[in-house]
Structures are given as structure tokens and as C-alpha cells.
Amino acid sequence: MKIISIATLIVISCLSVDAQDLQTVLNKNSAALGLDARKTLTNLHSSGHFIMNGTETKIPFTLIQAKPDKLRIETTVFGFRAIQTYDGTNAWSLSFTQGIEAVKTDPRNMEFIAAATAIDGPFSVNKNNKYLLKYIGSDTYQEKPVEIIMWSSREERLIYYINSENWLVDGVRYEYHKNGGWYSMEYRIKSYRDFLGTMFPKEVSALKNGVEMVSLFVTHQEIPDSPDGSKFGKPSFTM
């Protein structure tokens, strides 16, 4: 009985330490990002350009967001427009290479973007409460000291690498199980910009399965009028 009691105390003590560490990191990250300044934001319009790895072509993009996790991404490639939307449940893609009719896509990719770029902050979106948030510990990421926090479910992991010197997010890695294997998407945040007293990513590298695909640069942000809900539904080239 005494052995069981001691083991129980050890478990409780460890859980308590993890909970304290988790809350400490969350608090410091919130202060560094200025999340209090985001409370009045209900939607956000960001724009800039991205460059495909191995090229020098600047491809313009716009990102329209509405709380909690609705997205619309528009790009123009060599004069051709492409649109991706996510209404919080369904994801759609429309481009001339696919035809003139939008097609449904795997919503998990858009869920990752929604979580990584959430207006309310990196730990605000937990789709259908399917993820468990936990503190993983200290490590290094891109040769910098970080604290690691992870949302996890049985087949998905959303890992945040938080710089332990400035408490900003250095990277977000999404790992998911599909067709019997594990795949990953990752954002590495290289710099931030201050918008209305809160920090948003300015320069980001995007990787897929460990391979750098694009570099993204945000050059402008504004608060638009509340977008119509149809903006996040099935897109068309006339909308």
C-alpha cells in the first residue's frame, strides 16, 4: 500500500510540474505575441507574395481569415487565379488546371493552416476538442533553444517550437497519419511584424515532408469589413 501511495505521489507531482511548465510557456508566449491586442479582431486580411523553392518568381497571395478558423487563400500564377477555402468543416480548391468547378479537398491541410495562423493565437483552435494539449519539454530547433508544446490525437500531432529567449513561435510542425504512413507539413517563422500591437509572422518557410517548398512574405495587413460567409464556402471565379 505504501509503495502504491509513493508511486501515486510521484505521478501527481510530475503531472503538476508539467501543468505548471505548460501554463508558464503559454503565458510567456501570449505576452510576447501581444495576444491581448487581438481580442477585438474578428477578421483579418493579409497579403504579400511567395517564392517557390528554386525560382525567383514572386507569386502574389491574399489570406482572408474570420474567427475562429475560417480561411480563404487566393493566389495568381502567371495571370491565372487559384482559390482555396475552408468554412471550418469543408475545404475547397479551385484553379484552371482543375477546371472551372471547385473540388473538395482534405480539410486537414486547411485545419493546420487555420491553427497555425489563428487570429486568437496559436493555442486557440482545437477542432471538435479532438486534441490534447501538453508540454513536451526543452530542446533545440534550428540550433536555437526552444520549449515544445504539442496538440495531439491518435493520428495527428501539431507541434509548436517556442523560442525560450524571446518566447515567439519559431516553428509549427503538423504530422498526420494517412494511408498507413506518417506525413508532415511545417512552417518555420523567420521574422515577425507588429500589427496593431500584436506580432504576426512576416517571413515564413513552408516545408512538406521535410523538403522546403516555398518562402512566404507578408507585406500588408488590414482589418476589412466582416466578409460574407459565402467567401469561405465553395468558391467560383466570379466570387
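Asn43 is buried in this predicted model. Its relative accessible area is 4%, and the cut-off for a buried residue is under 20%. Asn43 belongs to strand E1, which covers residues 43-52. The side chain of Asn43 makes a polar contact of 2.9 Å with the side chain of Thr42. Beyond its neighbours within four places in sequence, Asn43 is in contact with Gln65, Ala66 and Ile119. Its contacts also include Ile223, Pro224, Asp225, Ser226 and Pro227.

Leu63 is a buried residue of another strand. Strand E2 spans residues 58-66 and holds Leu63. The relative accessibility of Leu63 is 13%, so Leu63 counts as buried. Not counting residues up to four places away, Leu63 touches Leu44, His45 and Ser46. Leu71, Arg72 and Ile73 are also among the residues that Leu63 touches. Ile149 is 86 residues from Leu63 in sequence. The C-alpha atoms of Leu63 and Ile149 lie 26 Å apart in space.

A cis peptide bond joins Lys67 and Pro68. The omega angle of this bond is about 0°. Pro68 is located in the loop between E2 and E3.

The protein chain as a whole contains 2 helices and 13 strands. For its 239 residues, a compact globule would have a radius of gyration near 18 Å. The value for the protein chain is 19 Å, which agrees. Along the principal axes, the C-alpha trace spans about 70 × 40 × 35 Å. Buried residues make up 43% of the 239. Among contacts with a separation of 6 or more, 45% come from residues 24 or more positions apart. The accessible surface of the protein chain comes to about 12,900 Å². Carbon and sulfur atoms account for 56% of this surface. The protein chain carries 26 positive and 26 negative charges. The mean positions of these two sets are 3 Å apart.

Helix H2 covers residues 107-116. Of its 10 residues, 8 are buried, so H2 is largely enclosed by the rest of the structure. The buried residues of H2 are Arg108, Met110, Glu111, Phe112, Ile113, Ala114, Ala115 and Ala116. What covers them includes strands E3 (70-77), E4 (80-86) and E5 (91-95). Strands E9 (156-163), E10 and E11 (181-195) are also included in this cover. Asp106 caps the N-terminal end of H2. A side-chain oxygen of Asp106 lies 3.0 Å from the backbone nitrogen of Arg108.

Asn109 is also found in helix H2. With a relative accessible area of 26%, Asn109 is partly exposed. Leaving out residues up to four places away in sequence, Asn109 touches Tyr176 and Met185. Phe195 is 86 residues from Asn109 along the chain. A distance of 26 Å separates the C-alpha atoms of Asn109 and Phe195.

Glu175 is part of strand E10, which runs over residues 169-178. E10 is among the strands that cover the buried residues of H2. Glu175 is itself buried, with a relative accessible area of 13%. Its side chain takes part in polar contacts with two arginine side chains. The contact with Arg157 is 2.6 Å. The contact with Arg173 is 2.7 Å. Neighbours within four places aside, Glu175 is in contact with Glu155, Glu156, Arg157 and Ile159. Trp182, Tyr183 and Ser184 are also in contact with Glu175.

Two loop residues have a positive phi although neither is a glycine. Asn179 has a phi of about 55°. Asn179 lies in the loop between E10 and E11. The relative accessible area of Asn179 is 72%, so Asn179 is exposed. Leu196 also has a phi of about 55°. Leu196 sits in the loop between E11 and strand E12 (198-208). At 53% relative accessibility, Leu196 counts as exposed. The cut-off for an exposed residue is over 50%.

Definitions and conventions:
Residues are numbered from 1 along each chain as its sequence is written. This is a predicted model: local features need pLDDT of at least 70, side-chain atom pairs count only at pLDDT 80 or more; totals for chains, interfaces and linings use all residues. Side-chain values use heavy atoms; hydrogens and water are left out. Helices (H or I, at least four residues) and strands (E, at least two) are DSSP runs, numbered from the N terminus. The radius of gyration is taken over C-alpha atoms; the globule rule is 2.2 Å times the number of residues to the power 0.38. Buried means under 20% relative accessible area, exposed over 50%, partly exposed in between (1.4 Å probe, protein chains only). Contact means heavy atoms within 4.5 Å. Accessible areas come from the Shrake-Rupley method with a 1.4 Å probe; for residues, only the protein chains shown count as cover. Lys and Arg count as positive and Asp and Glu as negative; His and the chain ends are not counted. The place of a charge is taken as NZ of Lys, CZ of Arg, CG of Asp or CD of Glu. A polar contact is a pair of N or O atoms within 3.5 Å; within protein, one must be able to donate a hydrogen and the other to accept it, and residues adjacent in sequence count only if both atoms are side-chain atoms.
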